[in-house]
Amino acid sequence: MTSTRATAVLVPVLSVLLSFLVGGVIVVISGHDPLAAYVALLQGAFGSVFNLANTLTVAVPLMLAGLGVAFTFRAGLFNIGAEGQYWLGSIAAAWVGYAVHGLPVWVHLPLALLAGTLAGALWAALIPGVLKAWTGAHEVITTMMMSYIAINLARYLIEGGPMMAPGYTPQSPAVLPTATLPALVPGTQLSWGLVLAVLAAVAVWFVLYRTTFGFEVRAAGLNGRAARYAGMNVARIIVLAMFVSGALAGLAGAVQTLGVNHRLFDAFNAGYGYTAIVVALLGKNNPWGVLAAAVLFGALNAGASAMQMQAGVPAHLVDVVQGMIIFFIAVDGIIRSVLRRTRKEAAQA
Amino acid sequence: MNGSEIFNAQLWMTALSSATPLALAALGGTFSERTGVVNIAMEGMMLTGAFVAVLASATLHSAFLGLAAAILSGMLMAVLFAWGTIRYKADQVVVGMAINVLAAGLTGYLLNAIYGFTGTPPDTPRLPDVTIPGLAQMPGIGAVLGRADLLVYVMLLLVPLSHYFLFRTPLGLRMRAVGEHPQAADTAGIDVNRLRFLGVLISGALSGMAGAYISIGVLNAFNVNMTNGRGYIALAAMIFGNWKPVGAFLAAALFGLANALAINLQGLEGWHVSKDFVLMIPYALTILALAGIVRRTTPPAADGIPYEPGH
Amino acid sequence: MDVVLELKGITKRFPGVVANDRVDLDLRRGEIHAVLGENGAGKSTIMKIVSGLYSPDEGTILLEGRPVRFAGPREAITAGIGMVHQHFMLIPVMTVAENIVLGREPARGLALDVRRAREDVRQLSARYGLEIDPDRLVGELSVGLQQRVEILKAFYRGANILILDEPTAMLTPQEARELFRIMRELARSGVSIFFISHKLDEVMEVADRVSVMRQGRRVATLPAAETSPEQLAELMVGRSVLLRVERGEHRPGEPVLAVEGLGRAARGGRAALADISFEVRAGEIFGLAGVEGNGQQELVEVLAGLLKPDRGTVRLGGVDVTGRSPRQLFEMGVAYIPPDRQAEGLVLDLTVAENLALKDYYRAPLARRGLIDVKRLAERARALVVEYDVRPANPAAVARTLSGGNQQKVILGREVSSSPRLLIAAQPTRGLDVGAIEFVHRRLLALRDSGAAVLLSSLELDEILSLADRIGVMYKGRLVAVLDADEATRERVGLLMTGATAAAPAGAGTAAAGAGAEEVRRP
């Protein structure tokens with residue numbers, strides 16, 4: 001069956017193309033030129049070193065959190081709360097970044113990254129993971145609820161809470177230079193976080209396919225009962241998988257805070273955790289696929305403002321396209337049935 | 001203001017007002033999930049309803065037409081949701097997310113495309129307040145329940161009606177059967193997918209109505225991502241209400257009260273609990289309920305599972 | 001007697017198999033017509049066609065002489081054909097009355113007329129002699145009563161043809177006897193019944209006519225009064241008669257497994273176990289026989305570490321291993337072949353190689369310090385697929401793409417190659433073709449001859465009789481007898497399985513065990 005493998009790649013690709021097509025129709029209806037819009041979008045995303053750096057800057061947290069979501073999908077879990085884990089990562093990294101003084105860079109920066117990673121990991125594992133493993137409470141709902149708790153917690157901390165910087169702006173103090181992730185491309189916001197994200201993808205692949213833990217995750221994710229019968233401790237696998245997933249989302253928050261935002265503030269960087277779910281789905285939970293999908297969504301977001309400025313098409317179009325992509329990926333029966341029909345017609349012709 | 005003054009009439013009014021969209025959407029969610037379709041798409045249906053309500057109300061100069069359009073638009077999103085989840089048996093959570101992202105994009109896009117940067121027209125008609133003669137004059141309760149937006153009363157009426165419909169009518173029995181054991185319903189001659197479609201459609205209508213309340217009930221304007229996660233709180237209320245209309249209403253009322261408290265706490269001196277902690281209450285309670293710590297919840301047995309006949 | 005339903009030349013194909021091959025079958029008014037056959041003989045498929053769940057590829061169905069085509073179960077119901085599924089189509093959280101009227105509810109105004117629903121159920125109960133309380137929740141009823149609800153459901157919809165699919169599989173013998181009484185009563189009042197079964201004695205007891213199915217075909221239809229169990233058995237299995245395996249001499253060694261006073265209350269839909277004691281020795285196959293649902297599977301799962309017992313001890317080579325986890329037991333040399341190979345034995349979307357490593361992936365030689373040696377894993381898989389004749393002999397193939405027999409060979413390879421001291425095999429040949437069954441049997445015997453202890457739990461009595469050195473019979477959660485192979489005849493074991501001689505010696509303990517075993521099970 002060579003056609004099944006082809007279909008596996010074709011479905012995401014066609015989903016993306018079809019979504020852009022639907023987006024184009026909406027652009028036409030609202031009286032704009034879709035070609036001009038997409039050209040502006042592409043240029044805004046890839047047209048210069050600066051633009052490309054912007055695209056990758058957005059892609060970095062999506063890669064990391066997307067890998068995290070993909071990891072739980074592999075374990076048969078749906079971590080819809082990467083957003084909350086991302087926030088916890090941001091909070092912890094920001095705090096270690098500004099509050100801990102007198103450390104050299106090579107201690108302070110890893111410490112801040114580690115703090116964010118650990119905070120995200122515990123946020124996912126301690127409550128949603130443990131509850132899923134021992135009471136069966138559905139992780140979709142618990143992680144979603146934990147996200148909102150995290151966002152409210154972050155607001156509390158910087159709106160008059162203990163992490164608020166002096167003054168009236170709801171934000172934390174800036175992280176110290178010793179905890180700042182240096183820029184990868186000078187003059188842009190793209191930090192060494194990109195390297196971390198690629199390394200994380202390699203690590204996720206290695207864990208899934210070369211370690212006994214990854215073997216357990218894949219087995220339990222595909223058939224938890226058989227995994228239990230084979231002697232695996234499925235409750236432990238669930239908690240650990242949530243831990244790893246939260247760690248990656250927490251690292252995403254830490255990288256964003258230490259490399260791009262340099263402090264914790266409200267709302268501006270919200271939403272990476274949600275988009276990460278789309279990234280994982282589009283990347284078919286494959287580490288390399290996740291990297292590619294993250295770049296696509298980075299490009300969409302980075303190019304959106306250029307599209308709005310140059311072609312006059314509202315930047316929200318990229319959300320429409322994003323929504324359509326999830327829809328077509330989820331309802332891949334639509335695309336599969338189209339593929340089947342075209343193959344049949346090709347065979348008859 | 002001090003501690004004893006916090007439970008004033010204003011608080012209860014705010015609580016009722018906050019609870020109304022939550023309860024409307026949560027009631028709708030009950031119909032959807034009772035037939036076996038997990039519906040996280042309420043957020044998107046609500047947001048669509050909120051935008052379309054303003055669009056229609058401003059264009060047609062009628063808040064009632066705005067409300068009708070909002071309901072229809074919620075149902076339209078529900079059709080899309082149902083098409084993916086029922087016809088194509090796609091993952092309900094993922095399609096729900098798609099609807100939410102799509103709704104955020106579409107409403108943001110159209111807001112900008114139609115109204116530019118100035119926002120929705122300031123002369124958009126708003127849904128009228130209704131005064132209940134007699135009740136309004138009663139001390140205490142009159143200040144809270146005597147005069148409110150039309151949809152507040154609609155919501156209060158829909159609670160017992162939904163309960164009656166689900167638990168006392170033949171159609172309600174069939175819908176519950178479909179959510180508990182679709183094969184059994186199918187072999188009893190019930191069209192499983194049609195009833196699931198109906199459940200999702202009702203959910204869309206009520207979510208659209210909830211959206212209209214937010215945009216043209218409380219205010220007369222729409223702004224980007226106006227629902228701000230209320231669809232998810234409504235989902236939480238439905239779960240905390242144990243998939244029952246009355247339970248969903250009570251949970252929505254509790255969550256509304258938490259919201260009202262959070263608002264009132266801001267003006268309170270000598271009080272050290274941040275409003276942000278009060279706002280966490282609904283989420284925390286829902287987690288505890290799911291874990292069986294606060295109360296026992298039991299979802300419909302086939303909730304979330306697409307139906308494959310002959311299996 | 002006139003014919004109410006006639007099937008002519010029904011053929012149904014599924015990918016790779018012809019489930020029904022030009023089947024002719026007729027049902028007369030007021031008769032009980034048994035359709036007998038082994039698993040996979042095609043009897044369920046033909047009944048699913050009659051009840052509208054499948055549509056035939058060829059052939060016609062005549063109802064009262066008129067050709068009919070059912071697009072779904074609804075149309076079959078309307079035509080008066082009621083199916084009682086082996087797995088009940090009931091909603092546990094609803095009442096008996098609600099379950100029965102579902103889909104055709106009496107209404108008063110907009111509301112469901114609960115009083116009339118209750119009254120209708122009472123009347124139906126009285127008319128057919130099927131007593132039931134309409135207000136009880138179905139989930140609280142015993143299996144026998146739930147079946148009664150299913151039958152009433154069919155009558156409420158105006159059925160005059162009833163299809164009972166393996167109706168005794170989940171029943172206690174008393175409940176089964178009661179069912180037979182009801183069936184006869186119904187037939188007398190004019191209801192025509194198809195009775196699907198693979199149990200000879202039941203068919204002989206209750207049927208007017210018997211049709212035997214084998215490999216998708218109807219091979220014979222005989223009046224029950226003019227046939228014998230022997231004749232039916234021969235028809236069921238064809239010329240090859242029963243599977244006979246060459247079994248070497250029984251030379252038992254030291255006890256490997258020793259179970260003493262094992263007990264477990266019924267809960268979570270699982271049957272109770274009461275006071276079970278036995279031993280399995282090295283070099284022997286201990287067969288566990290019983291009607292489905294009498295605790296065999298629960299016992300097996302306790303021994304595999306999947307269920308925790310309430311009382312009693314399990315010893316392995318003298319060491320107390322009660323309550324140890326599946327992993328701990330595996331490391332002590334216990335292998336387990338679960339009854340449902342697709343849901344419990346394999347991860348279907350992993351490769352054959354990965355499934356072969358599902359139990360020992362974590363330790364040398366396959367892994368070291370948490371890292372998997374992919375090369376070793378593949379090498380060993382290549383050797384095992386050859387040794388266990390898995391086809392295709394491709395370790396990289398996804399397990400889902402294999403046939404049932406080859407999937408079972410993967411499991412067998414994994415478990416037997418771990419050189420266990422004790423192999424627990426539950427339904428190891430369920431649903432397999434003859435070739436694969438033989439393969440499994442040979443392997444079990446080879447393991448026994450190499451000195452391992454084998455505990456074989458099977459619903460196929462003949463399998464146990466031909467393989468086991470000693471046979472334990474389970475009834476209502478108790479081990480009611482242990483027989484040596486040479487004293488175990490088909491009749492004797494069959495009687496014990498129905499509790500025939502168990503009642504007397506079990507004495508005082510029976511009440512407790514019985515109460516446990518009869519507890520509510522959800523459909």
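Reading along the sequence, chain B runs α-α-α-α-β-α-β-α-α-α-α-α-α-α, which comes to 12 helices and 2 strands. Keep in mind that this is a predicted model. Chain A has an interface with chain B, burying about 3,500 Å², and another with chain C, burying about 2,000 Å².

**Chain B on its own**
- For 311 residues, a compact globule would come out near 19 Å in radius of gyration, and chain B sits at 20 Å, so the two agree.
- Along the principal axes, the C-alpha atoms of chain B take up a box of roughly 65 × 45 × 40 Å.

**Where chain B meets chain A**
- On the chain B side 40 residues make contact, and they touch 45 residues of chain A.
- Carbon and sulfur atoms account for 83% of the roughly 3,500 Å² buried here.
- B:Y109, B:Y283 and B:I287 lose the most area to chain A within chain B, together giving 20% of what that side buries.
- There is 1 salt bridge across this interface: A:E159 pairs with B:K275, with the closest N and O atoms 3.5 Å apart.
- Polar contacts come to 2 residue pairs, counting those with both residues at pLDDT 80 or more.
- Elements giving two or more residues to this side of chain B are α3 (63-87), α4 (92-115), α10 (230-240) and α12 (275-290).
- Of the elements in chain B, α4(B) gives the most, with 14 residues.
- By class, the chain B side splits into 30 nonpolar, 7 polar and 3 charged residues.

**Where chain A meets chain C**
- Here 18 residues of chain A touch 24 residues of chain C.
- Of the area buried between these two chains, 63% is on carbon and sulfur atoms.
- A:T212, A:F215 and A:Y229 supply 34% of what chain A buries against chain C, more than any other three residues.
- You'll find 2 salt bridges between chain A and chain C, one of them joining the side chains of C:E344 and A:R225 at 2.3 Å, N to O.
- The polar contact count is 10 residue pairs, both residues at pLDDT 80 or more.
- On the chain A side, α7 (193-210), α8 (212-222) and α9 (224-229) are the elements that each give two or more residues.
- The largest share, 6 residues, comes from α8(A).
- That side of chain A has 9 nonpolar, 4 polar and 5 charged residues.

**Domains in chain C**
- The domain assignment splits chain C into domain 1 (3-237) and domain 2 (255-333 + 420-521).
- The C-alpha centres of domain 1 and domain 2 of chain C are 32 Å apart.

Definitions and conventions:
Residues are numbered from 1 along each chain as its sequence is written. Chains are lettered from A and ligands numbered from 1 in the order in which they are written. This is a predicted model: local features need pLDDT of at least 70, side-chain atom pairs count only at pLDDT 80 or more; totals for chains, interfaces and linings use all residues. Side-chain values use heavy atoms; hydrogens and water are left out. Domain bounds come from an automatic or database domain assignment. Contact means heavy atoms within 4.5 Å. Buried area is the accessible area (1.4 Å probe) that two parts lose on being put together, summed over both. A salt bridge is a side-chain nitrogen of Lys or Arg within 4 Å of a carboxyl oxygen of Asp or Glu. A polar contact is a pair of N or O atoms within 3.5 Å; within protein, one must be able to donate a hydrogen and the other to accept it, and residues adjacent in sequence count only if both atoms are side-chain atoms. Helices (H or I, at least four residues) and strands (E, at least two) are DSSP runs, numbered from the N terminus. Ala, Val, Leu, Ile, Met, Phe, Trp, Tyr, Cys and Pro count as nonpolar, Asp, Glu, Lys and Arg as charged, and the others, Gly among them, as polar. The radius of gyration is taken over C-alpha atoms; the globule rule is 2.2 Å times the number of residues to the power 0.38.
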